Amino acid sequence: MLIRGCLRDYLITMKKMYINGEWVDSPDTIEVLAPYTGEVIDTVPAATPEQLEAALAAAEKGAKVMAGLSAFERQQILMRTADLVSEHTEELARLIATEVGKPVTEARGTVKRCVELLRLSGFEGAQLRGEY
C-alpha cells in the first residue's frame, strides 16, 4: 500500500492488478503508447479472461457492500478519495499528460475536476430527500 513517496514510481514498479483485495500478477502485458510520438511509455498487465471474471465478481460484491453503508460512511470514503487525489494532483496530471498527450496544464484541470466531482458526489449522496 502506498504510504508516502512518489505515486508515479509506485504505479510504474507495481505492475500488478488489484482484484478482490489482492495484488495479482498477469502472464501478459499491454504496451502503453504516447499518442504524440508512438513511443512505448509503459507496459500494464493484461487480464486473463479468468481474472476479468474475478474482477467483475469482486466489483459486484463491492457494490453490495457499499450499498449497505450509511450515506455518511459513503460520503467519508468519497471525501477521503478526493483528498488523496488532490494531494497527488501534480503526479496524476503528469501521468495523464504523458498517457493522453494533452498539455500538463489541461491535465491539472482534469485532476481538479475529478476532485470536485468526488466531493460533489459525496455531498449529494449524503443528502436526505425523502426517498426513504
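# Salt bridges, buried residues and a hairpin

Student: What makes Glu-87 and Arg-80 a salt bridge?
Tutor: In this predicted model, the closest N and O atoms of Glu-87 and Arg-80 are 3.8 Å apart. The cut-off is within 4 Å, so the pair counts as a salt bridge.

Student: Is Glu-87 called buried or exposed, and why?
Tutor: Glu-87 has 55% relative accessibility. Exposed means over 50%, so Glu-87 is exposed. Its partner Arg-80 has a relative accessible area of 44%, and that value lies between the 20% and 50% limits, so Arg-80 is called partly exposed.

Student: Okay, next door. Why is His-88 called buried?
Tutor: His-88 has a relative accessible area of 16%, and buried means under 20%, so the label fits. You'll find His-88 in the loop between helix 3 and helix 4.

Student: What makes the link between His-88 and Glu-91 a polar contact?
Tutor: Their side chains are joined at 2.8 Å. The limit for such N or O pairs is within 3.5 Å, so that distance passes.

Student: How do you know that the buried residues of helix 3 line one face?
Tutor: Start with who they are: Ala-71, Gln-75, Met-79, Ala-82 and Val-85. Looking down the axis of helix 3, you see these buried residues fall within an arc of 120 degrees, so they line one face. An α-helix has 3.6 residues a turn, so residues three or four places apart point the same way. What covers the buried residues of helix 3 includes helix 4 and helix 5.

Student: What makes Glu-90 and Arg-94 a salt bridge?
Tutor: Their closest N and O atoms are 3.1 Å apart, and the cut-off is within 4 Å, so they qualify. Both sit in helix 4, four residues apart, which is about one turn.

Student: And how do you know that Glu-106 and Lys-102 meet in a salt bridge?
Tutor: Same test: 3.7 Å from N to O, set against the 4 Å limit, so the answer follows. Salt bridges with shared partners also join Glu-90, Arg-94 and Arg-108 into one network. The structure holds eight salt bridges.

Student: Last one. How do you know that strand 3 and strand 4 pair?
Tutor: They have six bridges between them, in the antiparallel sense. At least two bridges are needed, so they count as paired. Ile-30 stands opposite Val-44 in strand 4. The two strands form a hairpin with six residues between them, and Gly-38 in the turn has a positive phi of about 80 degrees.

Definitions and conventions: Residues numbered from 1 in each chain as written. Predicted model: local features only at pLDDT ≥ 70, side-chain atom pairs only at ≥ 80, totals over all residues. Heavy atoms only, no water. Buried < 20%, exposed > 50% of the residue type's maximum accessible area, 1.4 Å probe, protein only. Arc of directions from axis to C-beta. Contact = heavy atoms within 4.5 Å. Polar contact = N/O pair within 3.5 Å; in protein donor to acceptor, adjacent residues only side chain to side chain. Salt bridge = Lys/Arg side-chain N within 4 Å of Asp/Glu carboxyl O.
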